Amino acid sequence: MKPLKDRRLRPDAEAQGHEGHKGDEGNAPLLAVRDLAVDFATDRGRVAAVRGVSFTLKAGQSLAILGESGSGKSVTGRALLGLIDPPGRVRGTIEFEGNDLVGWDENRLNTVRGPGISMVFQDSLDSLNPVFSIGSQLTELLRVRQGMDRRAARERAVSLLRQVGIPAAGERLGDYPHQFSGGMRQRVCIALAIALRPRLLIADEPTTALDVTVQAEILRLIRNLRQETGMALVFVTHDLAVARLVATDVAVMYAGKIVERGAIDAIYRRPAHPYTRALLASQPESARTWSDLRPIPGSPPDKAHAVPGCAFHPRCPLATARCTTEAPELLPLAEADRSSRCHHTEEALHAAH
Ligand code: ADP
Ligand code: MG
């Protein structure tokens, strides 16, 4: 047990999972992403999907990456696992446990994928192999990657399926993906993703395709697994209300950049960036009446043509001439551990909610 004094100094210890128990402020982060940029060659020229993303994550910490479709969330998540294939190009650094993964070949990356970083993909309902039973997909992974024998792999597979809440797990090993409902298939995908006990799990919109009630169960499962295992989580979503259920911190992305970063509850109560504010107002959960619900006017910028100045200015109610020419930096706010990329942060913070 840590002395009480320590706990008082680290009010975030519980929310941050195991990190709080190390008690060493000087600990290197689990993940440090610096100036990550990803672009793709297309017949319309180079498309910049991610344009200079930086963030750090401590062991056990949970970060939501929030943004509209096309903002670069999935590309960021895939880049962390080295899954951007040519003609995609990755620049910047992705330091995981002290090693920069950018430029690593497949063999070296495969030592990290699984036990280091693992991912539940956005299209994971299609990512299970339809021709193998879920038992064989799990046991194959355990045998190849952990050298388990048939019997040990089978036992571990059953225990994993139990851990993700699949009823009668032992009887379902021989079943094929199509024999499971959407929610149960997603649980199988999560079992595969945590099978090698990752220190970091990336979950890319894992509940978007599911019914609301099933969605809640999967979110609870992810939250519980994180608490049980102490793994860090990057949770990708377009829904701030969903993000709040599983993450303590949020990075809001717009047009390939982080525009706001900080503790999720603080940002939910009082967003500092006009885009975050607009995103909140556009979500049904935050509206009490139909007239509260305001879609964000306009559409996200076309990736092949960079918007001069702040990328959000064509849609922003606070935009001035400066916003059309000068790109704002992500700057810290007076409030601790928060930052925002806006020339009018003060005004945005004080605008009526
Ligand atoms: P989201 O935030 O919805 O997850 P993505 O990260 O998937 O967005 O995509 C960001 C941008 O990058 C989009 O404009 C998308 O069209 C583009 N993009 C993603 N993958 C590729 C690719 N392989 N080739 C070309 N463009 C891509
Ligand atoms: Mg996506």
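# Notebook: magnesium ion, ligand 1 and helix α3

I looked up the magnesium ion (ligand 2) in this predicted model. Its protein donors are Ser74 (OG) and Gln122 (OE1), which lie 2.0 to 2.2 Å from the ion. Donors are N, O and S atoms within 2.8 Å of the metal (3.2 Å for Na, K and Ca), and water is not among the atoms, so sites may look incomplete. This pair links distant parts of the chain, 48 residues apart: serine 74 is in helix α3 (residues 73-80), and glutamine 122 is in the loop between β6 (117-120) and α5 (124-127). Helices (H or I, at least four residues) and strands (E, at least two) are DSSP runs, numbered from the N terminus.

I noted the ground rules. Residues are numbered from 1 along each chain as its sequence is written, and chains are lettered from A and ligands numbered from 1 in the order in which they are written. Local features need pLDDT of at least 70, side-chain atom pairs count only at pLDDT 80 or more, totals for chains, interfaces and linings use all residues, and side-chain values use heavy atoms, with hydrogens and water left out.

I checked the accessibility of both donors. Serine 74 is partly exposed at 21% relative accessibility, and glutamine 122 is partly exposed at 44%. Buried means under 20% relative accessible area, exposed over 50%, and partly exposed in between (1.4 Å probe, protein chains only).

I turned to ligand 1. Twelve residues surround it, and Gly70, Gly72, Lys73, Ser74 and Val75 come nearest; a residue is near if one of its heavy atoms lies within 4 Å. A polar backbone atom of glycine 70 is 2.7 Å from an oxygen atom of ligand 1. For glycine 72 I read 3.0 Å, and for a backbone N or O atom of valine 75, 2.8 Å. The protein covers 65% of the 560 Å² of accessible area that ligand 1 has on its own (Shrake-Rupley method, 1.4 Å probe; for residues, only the protein chains shown count as cover). β1 (31-42) and α3 are the elements that give two or more residues to this shell. α3 gives the most, with three residues.

I then read α3 itself. Six of its eight residues are buried, so α3 is largely enclosed by the rest of the structure. The buried residues are Lys73, Val75, Thr76, Gly77, Ala79 and Leu80. Just after α3, glycine 82 takes a positive phi of about 70°.

Last, I looked at the whole protein chain. The chain holds 15 helices and twelve strands, and 48% of its 353 residues count as buried.

Note on methods:
A polar contact is a pair of N or O atoms within 3.5 Å; within protein, one must be able to donate a hydrogen and the other to accept it, and residues adjacent in sequence count only if both atoms are side-chain atoms.
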